[in-house]
Amino acid sequence: MLTRKQLELLEFIHKRMQKDGVPPSFDEMKDALDLRSKSGIHRLITALEERGFIRRLAHRARAIEIVKLPDALEGKGFAPRVIEGAAPAAQPAGNAMPVEAVHALELPVMGRIAAGTPIEAISHASHNVAVPGTMLSGRGHHYALEVKGDSMIEAGINDGDVVVIREQDTADNGEIVVALVEGHEATLKRFRRKGAMIALEAANPAYETRLLRADQVQVQGRLVGLIRSY
């Protein structure tokens with residue numbers, strides 16, 4: 001049985017991973033649970049891991065996978081959002097097929113996306129990657145990109161990871177998106193609208209937030225999953 005705080009933390013992590021595809025930071029967990037220090041979060045994380053509800057992925061304290069949910073949280077749409085390596089596809093399928101009807105889908109990897117200094121946008125598929133159907137959100141078109149850079153490491157996104165993107169041209173504040181800057185630079189950042197301006201926020205204090213006019217930024221998709229190989 002979980003304590004109230006353990007349950008609150010597990011639910012917060014679960015909701016954030018369903019929304020963004022990556023776990024929250026320890027500071028975000030601390031604020032969400034109204035704790036005074038991150039040491040309390042470390043204790044709760046350890047307790048959840050010991051009870052088999054979560055698993056911390058190797059070499060990254062921020063990288064967390066939810067293994068199971070207690071009865072109190074079951075039925076809220078749980079699906080693990082971080083997988084290790086690429087699972088073999090059960091069958092090839094197009095993006096138009098309902099994702100719940102297949103075990104795995106092959107998505108095109110459309111090149112590299114910058115999590116650091118923006119790189120030239122790449123819009124042609126280099127190869128495919130198999131993705132569990134449960135990782136995909138809704139019936140929209142999805143694609144994958146290889147991450148280049150370290151500007152999103154505090155969001156649990158490392159250099160070399162493959163991110164799964166749902167194609168869309170709008171975003172809510174706080175969502176991690178693929179943004180096309182001035183028509184030619186593609187970057188992976190957290191999106192925030194500030195009046196007539198758009199802020200593209202890194203998750204690494206070594207990188208400054210880019211503040212751009214709304215007409216300089218085109219949202220091309222939202223992060224819904226992450227694939228990591230070791």
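**Strands, helices and selected residues of a predicted model**

The side chain of Asn-204 places a polar atom 2.9 Å from the backbone oxygen of Asp-150, a polar contact in the sense of a pair of N or O atoms within 3.5 Å; within protein, one atom must be able to donate a hydrogen and the other to accept it, and residues adjacent in sequence count only if both atoms are side-chain atoms. The model is predicted, so local features need pLDDT of at least 70 and side-chain atom pairs count only at pLDDT 80 or more, while totals for chains, interfaces and linings use all residues. Residues are numbered from 1 along each chain as its sequence is written, and side-chain values use heavy atoms, with hydrogens and water left out.

Asn-204 itself sits in the loop between β11 (197-201) and β12 (210-213). Helices (H or I, at least four residues) and strands (E, at least two) are DSSP runs, numbered from the N terminus. With a relative accessibility of 10%, Asn-204 counts as buried; the term buried stands for under 20% relative accessible area, exposed for over 50%, and partly exposed for values in between (1.4 Å probe, protein chains only). Apart from residues up to four places away in sequence, Asn-204 touches Asp-150, Ser-151 and Ile-153, where contact means heavy atoms within 4.5 Å.

A wider view helps to place this loop. The chain holds 3 helices and 13 strands, and 50% of its 230 residues count as buried. Among contacts with a separation of 6 or more, 60% are between residues 24 or more positions apart.

Several of the strands can be followed from partner to partner. Two strands are taken to pair if DSSP finds at least two bridges between them. Strand β13 (residues 217-228) is mostly covered, with 10 of its 12 residues buried. Strand β8 (residues 162-166) pairs with β13 in the antiparallel sense over 5 bridges, and Val-162 has Ile-227 as its bridge partner in β13. Strand β9 (residues 176-181) also pairs with β13, in the antiparallel sense and over 5 bridges; here Leu-180 is bridged to Gln-218 of β13.

From β9 the path leads on to strand β10 (residues 185-194), and these two strands pair in the antiparallel sense over 6 bridges. Ala-179 is matched with Thr-187 in β10. β9 and β10 form a hairpin with 3 residues between them, and Glu-182 in the turn has a positive phi of about 55°. β10 in turn pairs with β11 in the antiparallel sense over 5 bridges, with Glu-201 of β11 as the bridge partner of Arg-190. The hairpin of β10 and β11 has 2 residues between the strands, and Gly-195 takes a positive phi near 65° there.

Strand β7 (residues 142-148) contains Val-147. Val-147 has a relative accessible area of 1% and is therefore buried. Leaving out residues up to four places away in sequence, Val-147 touches Ile-113, Ala-115, Ile-157, Asn-158, Asp-159, Gly-160, Asp-161, Val-163 and Leu-188. The C-alpha atoms of Val-147 and Gly-116 are separated by 9.4 Å, with their positions 31 residues apart along the chain.

The helices offer a second meeting place. The axes of helix α1 (residues 4-20) and helix α3 (residues 38-50) come within 10 Å and cross at roughly 85°. Axes are lines fitted to C-alpha atoms, for helices over the stretch in contact, and angles run from 0 to 180 degrees between N-to-C directions. The two helices are therefore roughly perpendicular to each other, given that angles of 65 to 115 degrees count as roughly perpendicular, under 35 as roughly parallel, over 145 as roughly antiparallel and the rest as oblique. Lys-5, Gln-6, Leu-9, Leu-10 and Ile-13 of α1 meet Ile-41, Leu-44, Ile-45, Ala-47 and Leu-48 of α3. By class, this contact has 8 nonpolar, 1 polar and 1 charged residues; Ala, Val, Leu, Ile, Met, Phe, Trp, Tyr, Cys and Pro count as nonpolar, Asp, Glu, Lys and Arg as charged, and the others, Gly among them, as polar.

Helix α1 is also the place of Arg-16. Arg-16 is buried, with a relative accessible area of 18%, and its side chain makes a polar contact with the side chain of Glu-28 (3.0 Å). Beyond its neighbours within four places in sequence, Arg-16 is in contact with Gly-21, Val-22, Pro-23, Pro-24 and Glu-28. Asp-34, in the loop between α2 (26-32) and α3, counts as exposed at 69% relative accessibility. Asp-34 has a positive phi of about 60° although it is not a glycine.
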